[in-house]
Amino acid sequence: MTSPRRHRASATFESMWSALEPVGRHAPSGGYRRFAWTRADHDLREWFAGECAARGLDLVEDRMGNQWAWWGNPDEAARAGRKGVVTGSHLDSVPDGGAFDGPLGVVSALAAVDALRDKGFQPDRPIGIVNFVDEEGARFGVACAGSRVITGAMTARRARSLTDADGVSMAEALTAAGRDPHDIGRDPETLDRVGAFVELHVEQGRGLVDLDHPVAVASDIWPHGRWRLDFGGEANHAGTTRLEDRQDAMLGYAGAVLAAREAAIQHGCVATIGKVAVTPGGVNAIPSHVTGWLDARGASPRAVRRAVADVRAMVEQSGGEVMEESWTPSTPFDSALTARLQTRLGGIPILGTGAGHDAGILANAGIPTAMLFVRNPTGVSHSPAEHAELGDCLEGVAALTAVLEDLAGDTP
């Protein structure tokens, strides 16, 4: 029989999930297009603010627009040497992405706070819930922009200059959203409130399926980066220009796609060119310019760098250029915090991941950080097929609740 407390947790989770479900849904694919500083993003932020207000949480924004909701006074606690325990994730998506990547962590955080209050828990340390903006980098090309800017991993100047596929800069997008782009920047005051960060996320692979377990603790994030590849050519008529007279920018790009695959195999990592922009973009026009974006990751940073070097050599040989847009080194999560989570949760599995997260950016900024993964039965992510069963989601909420109770209820 389901306990009354478990039943309430399920009802709360499902209610929030249903409210989020239609926001940014892209009908043709069934996936989501929740991009930074768009109408969908605004609606998601309003939803988050409303859920926090309903719980009496104090909502503040940092210098990048990330939303932080607090149960307790983080500044007063920090002065007393009891920095806050923060959880949460993001609400944006990749193009035609799944429902769980990001939102599962935010909904679970709110549900965990409800569960703690339901059992009469009073935190000794303030508990925070964060909604990071632009984690996926789907619009402006750099992942984890919200956490990168406030930690100083990306400068405000560079962030403002990033452009989307329509040539709109982040500065222009911020202005259109009613914000001053010159307000963004590194925010040590916000970071100083955080004593520990625990991000819950749907697993983006099949590790937990193979282990037959609903929840795991993360060990580390593989090193990963993004590179922009630019190829020049000359626009001309596709039907009347002789092959020997063509300067087709697409040929260099096509070579890079094949080179990325071969380099990944050669060096034991993974590499993908999943986005391309073609100018002028006509079916009957020879491309004058092609830009592609390379994503490369692996357990070894040396292997990733070598693979990218091979791709760079091919691109430059064909007259193209390569620019590194982001690089995140190997990111081991805090060993003491990870061990504490595993002990508190009864020795659950530990998994590494090739997916980047805001948790990794905070970890590299020196904040004690850990992650929890919830089983994904499809093993598919960044796709409408991404999924997690309700029962596993509730197991994740229960695990996060236990972790927050442990971390926020223990005053050193």
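In this predicted model, β11 gives the largest share of the lining of the second largest pocket, with three residues. β11 has company there: α6 (156-161), β11 and β14 (321-328) each hand over at least two lining residues. In all, 17 residues line this second largest pocket. If you want to find its centre on your screen, look for Thr163, Asp164, Arg228, Trp293 and Glu325, which lie nearest to it. The lining is a mix of seven nonpolar, four polar and six charged residues, and the volume of the pocket comes to about 330 Å³.

How do you spot a pocket at all? Rolling a probe the size of a water molecule over the atoms shows where empty space is left.

Now go to the largest pocket, which has a volume of about 1,000 Å³. Its lining takes in 41 residues. Nearest the centre of this pocket you'll find Val94, Arg226, Asp295, Arg297 and His382. Which elements give two or more residues to this lining? They are β9 (224-232), β11 (270-279), β13 (289-297) and β16 (350-353). Sorted by character, the lining of the largest pocket has 14 nonpolar, 18 polar and nine charged residues.

Let's follow β11 into the loop after it. Pro280 sits in the loop between β11 and β12 (285-286). The peptide bond between Thr279 and Pro280 is cis, with omega at about 0 degrees.

The backbone has a few other spots to look at. Trp37 isn't a glycine, and yet its phi is positive, at about 60 degrees. You'll find Trp37 in the loop between β2 (31-32) and α2 (39-54). Is Trp37 buried or exposed? Its relative accessible area is 8%, and buried means under 20%, so Trp37 is buried.

Asp96 is another residue other than glycine with a positive phi, this time near 55 degrees. Its place is in the loop between β5 (84-90) and α4 (103-118). Asp96 has 18% relative accessibility, so it counts as buried. Pro95 is found in the loop between β5 and α4 too, but Pro95 is partly exposed, with a relative accessible area of 46%. Pro95 also shows how a folded chain brings residues together: Pro95 and Tyr32 are 63 residues apart in sequence, while their C-alpha atoms are 6.5 Å apart in space.

That loop leads to α4, where you can try a little arithmetic. Allow 1.5 Å a residue, and the 16 residues of α4 should span 22 Å. The C-alpha atoms at its ends are indeed 22 Å apart, so the expectation and the model agree. Where does α4 sit? Of its 16 residues, 13 are buried, so α4 is largely enclosed by the rest of the structure. After α4 comes Gly120, with a positive phi near 80 degrees.

Next, the aromatic rings. How many aromatic pairs does a search of the whole structure find? The count is six. In one of them, the ring centres of Phe13 and Trp17 are 5.6 Å apart and the planes are at 10 degrees. Planes under 30 degrees apart count as stacked, so this pair of Phe13 and Trp17 is stacked. Both residues belong to helix α1 (residues 4-20), and because they are four residues apart, about one helical turn separates them. Phe13 counts as buried at 3% relative accessibility, and Trp17 is buried as well, at 16%. Phe13, Trp17 and Phe100 make up one aromatic cluster.

Trp68 and Phe132 form a pair with another geometry: their centres are 5.7 Å apart, their planes are at 80 degrees, and the pair is edge-to-face. Here the partners come from distant parts of the chain, with Trp68 in strand β4 (residues 67-71) and Phe132 in strand β6 (residues 127-132), 64 residues apart. Trp68 and Phe132 are both buried.

Rings can also have a charged group over them. Arg117 lies over the face of Trp71, at 4.6 Å from the ring centre. Over the ring of Trp327 you'll see the charged end of Arg305, 4.0 Å from the ring's centre.

Conventions. Residues numbered from 1 in each chain as written. Predicted model: local features only at pLDDT ≥ 70, side-chain atom pairs only at ≥ 80, totals over all residues. Heavy atoms only, no water. 1 Å grid on protein atoms, 1.4 Å probe; cavity = no way out; pocket = protein on both sides within 12 Å on 5 of 7 lines; lining within 4 Å. Points joined across faces, edges and corners; volume = space filled by probe spheres on them. Nonpolar A, V, L, I, M, F, W, Y, C, P; charged D, E, K, R; others polar. Buried < 20%, exposed > 50% of the residue type's maximum accessible area, 1.4 Å probe, protein only. Phe/Tyr/Trp six-rings, centres within 6.5 Å; stacked < 30°, edge-to-face > 60°. Lys NZ or Arg CZ within 6 Å of the ring centre and 35° of its normal. Expected span 1.5 Å × (residues − 1).
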